[in-house]
Amino acid sequence: MSGTTGAGKTTLLSKFAYEACRRGERCLYFANEEPADQVIRNMESVGIHLKDHIDDKLMIHADRPTSLGLESHLTEMQDLVMDFKPDTVLVDPVTGLAAAGGPSNRASNAKNLFIRFTDFLKSRGVTSLFTYLIRSPVTATQTELEISSLIDTWIVLEHVRANGDYKRLLRILKSRGMNHSSSVAELRFSERGILLKGGSW
């Protein structure tokens, strides 16, 4: 799931986590930008009560990407998966891990970690959802890590200005082997939760 800052990536990912837990699934959430208590607090404002599942079905592991090298991050993430045995793993954002790769070959090193970690999850039958921070709406359908061929479903979120107001838009760029809408829908967040307006949804 890709988008610019403020497009709604973390909110949708958190909703995914909440609903997975409500179904009785175990969910491991890697937060690479915010501490766990901040993620929980921010999601309360849009009706996503992650705290209901903490210490039961949900584990939020918050760590700054620069705290470890890429190999150490990969080892730590794999160890947590093996210990917690989740049905679903979320990474927000996967692009944050590029900062752990050092100044040289940053993108290629982060891509290598992504490939190895997704292969690790797929071999265990674990569903995964990753957010990807893009620099501008112009690059909405591009990824610096060149990982589009590795994923099954790609959701694009955009934050656009229309008639003086900013709107969040959601579309499915691809979904391998599945029927899906090609319409663009407006995404709204409120105390009642997440609303989709327009499109064939």
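Is His53 buried or exposed? In this predicted model, His53 counts as buried, at 12% relative accessibility, and the three close-up views described below begin with this residue.

**View 1. His53 in the loop between helix H2 and strand S3.** The loop that holds His53 runs between helix H2 (36–44) and strand S3 (58–62). When its neighbours within four places in sequence are left aside, His53 is in contact with Tyr18, Cys21, Arg22 and Leu58. Of these contacts of His53, Cys21 counts as buried, at 4% relative accessibility, and is taken up again in the next view.

**View 2. The cysteines Cys21 and Cys27, whose sulfur atoms are 5.1 Å apart.** A disulfide is a covalent bond between the sulfur atoms of two cysteines. The closest cysteine sulfur to that of Cys21 belongs to Cys27, and the distance of 5.1 Å is too far for a bond; in turn, the closest cysteine sulfur to that of Cys27 is the one in Cys21. Because a disulfide is counted where the two sulfur atoms lie within 2.5 Å, the count of disulfides comes to zero. Cys27 is buried, with a relative accessible area of 0%, and Cys21 is buried as well.

**View 3. The largest pocket and its lining.** The space in the largest pocket is about 660 Å³. Its lining is made up of 26 residues, of which Met1, Ser128, Leu129, Phe130 and Thr153 are the closest to the pocket centre. Helix H1 (9–22), helix H4 (106–122), strand S5 (127–130) and strand S7 (153–162) are the elements that each give two or more residues to this lining. By residue type, the lining divides into 15 nonpolar, six polar and five charged residues.

Notes: Residues numbered from 1 in each chain as written. Predicted model: local features only at pLDDT ≥ 70, side-chain atom pairs only at ≥ 80, totals over all residues. Heavy atoms only, no water. Buried < 20%, exposed > 50% of the residue type's maximum accessible area, 1.4 Å probe, protein only. 1 Å grid on protein atoms, 1.4 Å probe; cavity = no way out; pocket = protein on both sides within 12 Å on 5 of 7 lines; lining within 4 Å. Points joined across faces, edges and corners; volume = space filled by probe spheres on them. Helix = DSSP H or I, 4+ residues; strand = E, 2+ residues; numbered from the N terminus. Nonpolar A, V, L, I, M, F, W, Y, C, P; charged D, E, K, R; others polar. Contact = heavy atoms within 4.5 Å.
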